[in-house]
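The following note was prepared for a colleague who asked for comments on side-chain contacts and enclosed spaces. The points are numbered for ease of reply.

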Amino acid sequence: MTATATARRTVRVELADRSYDILIGPGLIAAAGREIAGRLKGRKIAVITDENVAPIYLENFLGAVKVEGIDAVSLVLPAGEKTKSFEHLISVCDSVLAARIERNDAVVALGGGVIGDLTGFAAGIVRRGSRFIQVPTSLLAQVDSSVGGKTGINSPHGKNLIGVFHQPDLVLADTDVLDTLSPREFRAGYAEVAKYGLIDKPDFFAWLEQNWHSVFAGGEARIDAIATSCQAKADVVAADERENGQRALLNLGHTFGHALEAATHYDSARLVHGEGVSIGMVLAHQFSARMNLCSPDDGKRVEKHLREVGLPTNMEQIPGGLPPAEVLMDAIAQDKKVKGGKLTFILTRGVGQSFVADDVPQSEVVAFLKEKLPK
């Protein structure tokens, strides 16, 4: 067995006849043709990527699938969160149809979370559902958005409000590609890794506190952290695919984070998704302490670790200013359902003890935001 094969991990997402593998490790783009050919009934794919990823990986990916006799067409889109729009959704759907991609063929997302979400949505609606393969090229996409079948685009009313559940048939998480990420992009993805520890794996969070330098450096520690994260998400998705219950726990930090992204108009120069989640997770712990659900020390511990790895942990660190608490509250109300004037939030009783709270008064959230917003 080669060293590369030894280093790889496989996580299975168990969804009966829609189960699929997440392959994690180095060299998977080079091996993509073999892995896809072994699972694909058709012999054609449409590859959707962006202007950042295409110059680095598209040629190698197309070469890898061509060797296995798979025909491929590609579409290169602008990079950035604003690509998750109706305009680009239409262009992806038209390109897939023009390429005559049939149901036994596949639509492939080669990129980060934006490309994965957009492409998955297109695959979910073209021909009323086409096969879909994720090749995530960011840490955030590898541990979160590529797994679980949530796809979609943004609306002026909020993030990810338009989309469908459409599970991939395969996820290829090539850990070599993470070496090309900027430090900021890698840190943003790490926020989602830390999230899994904060949800219900306190031992994993403690391990991250001790080993994050090794995760950032690469090698086995990085692969282990990604595999642990993917397994955590796979377990939740298998138990609650369409977020009728416990899958909502995966939104820890996201309710606040999505509101902050909307407030910055999805301007990545000001805030990227993982940074919003980092601030959001700190706010979730602080708000839980305000509600006497956990100790203030828990929030301090979370803030200390995220700050140590270089992530923002408070709203003062977002450049350009933020709107009043009431405006942020409007975004929060769009992000999560309001019932009888009360919100659903992911709160915590301590590190690794998150739970779904569906009775959070809006007045408490507004008062909390007013305290935390920069003066």
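1. In what follows, buried means a relative accessible area under 20%, exposed means over 50%, and partly exposed covers what lies in between. At 39%, Glu326 therefore counts as partly exposed. The model under discussion is predicted.

2. Glu326 forms a salt bridge with Lys370, with the closest N and O atoms 3.1 Å apart. Because Lys370 belongs to helix 14 and Glu326 to helix 13 (residues 325-335), this pair ties together parts that are 44 residues apart in sequence. Lys370 is likewise partly exposed, at 47% relative accessibility.

3. Helix 14 takes part in another such contact: the side chains of Arg290 and Glu364 meet in a salt bridge (3.5 Å, N to O). Arg290 lies in helix 11 and Glu364 in helix 14 (residues 362-372), so parts that are 74 residues apart in sequence are tied together. Arg290 is partly exposed at 30% relative accessibility, and Glu364 is partly exposed at 29%.

4. Where does Asp169 lie, and what does its salt bridge with Arg131 tie together? The two side chains meet at 3.4 Å, N to O. Asp169 sits in the loop between strand 8 (158-162) and strand 9 (170-174), whereas Arg131 is in strand 6 (residues 131-136), so the pair ties together parts that are 38 residues apart in sequence. Asp169 is partly exposed, with a relative accessible area of 29%, while Arg131 counts as buried at 18%.

5. Both residues of that pair also line the second largest cavity, together with Ile36, Arg39, Leu40, Ala106, Ile133 and Leu170. The volume of this cavity is about 40 Å³, and its lining divides into five nonpolar, no polar and three charged residues. The whole structure holds three cavities of 30 Å³ or more.

6. Asp169 appears again in the second largest pocket, where Asp17, Arg18, Gln167, Pro168 and Asp169 are the lining residues nearest the centre. This pocket has a volume of about 370 Å³ and is lined by 16 residues. Nine of the lining residues are charged, four polar and three nonpolar.

7. Salt bridges number 23 in the model. Beyond the pairs described above, Glu81, Lys84, Asp117, Lys159 and Glu261 are linked in a network of salt bridges.

8. Nine aromatic pairs are found in the whole structure. For Trp212 and Phe216, the ring centres are 5.3 Å apart and the planes stand at 85 degrees, so the pair is edge-to-face. Both residues lie in helix 8 (residues 202-217), four residues apart, about one turn of the helix. Trp212 is buried at 9% relative accessibility, whereas Phe216 is partly exposed at 22%. Ring pairs join these two residues with Phe186 and Tyr190 into a cluster.

9. The rings of Phe287 and Phe345 have centres 6.0 Å apart and planes at 35 degrees, so this pair is tilted. Phe287 lies in helix 11 (residues 273-290) and Phe345 in strand 11 (residues 342-348), so the contact ties together parts that are 58 residues apart in sequence. Phe287 is buried, with a relative accessible area of 0%, and Phe345 is buried at 2%.

10. Two charges over rings complete the note. Arg349 lies over the face of Phe355, at 3.8 Å from the ring centre. Lys195 lies over the face of Tyr196, at 4.9 Å from the ring centre.

Methods: Residues numbered from 1 in each chain as written. Predicted model: local features only at pLDDT ≥ 70, side-chain atom pairs only at ≥ 80, totals over all residues. Heavy atoms only, no water. 1 Å grid on protein atoms, 1.4 Å probe; cavity = no way out; pocket = protein on both sides within 12 Å on 5 of 7 lines; lining within 4 Å. Points joined across faces, edges and corners; volume = space filled by probe spheres on them. Nonpolar A, V, L, I, M, F, W, Y, C, P; charged D, E, K, R; others polar. Phe/Tyr/Trp six-rings, centres within 6.5 Å; stacked < 30°, edge-to-face > 60°. Helix = DSSP H or I, 4+ residues; strand = E, 2+ residues; numbered from the N terminus. Buried < 20%, exposed > 50% of the residue type's maximum accessible area, 1.4 Å probe, protein only. Lys NZ or Arg CZ within 6 Å of the ring centre and 35° of its normal. Salt bridge = Lys/Arg side-chain N within 4 Å of Asp/Glu carboxyl O.
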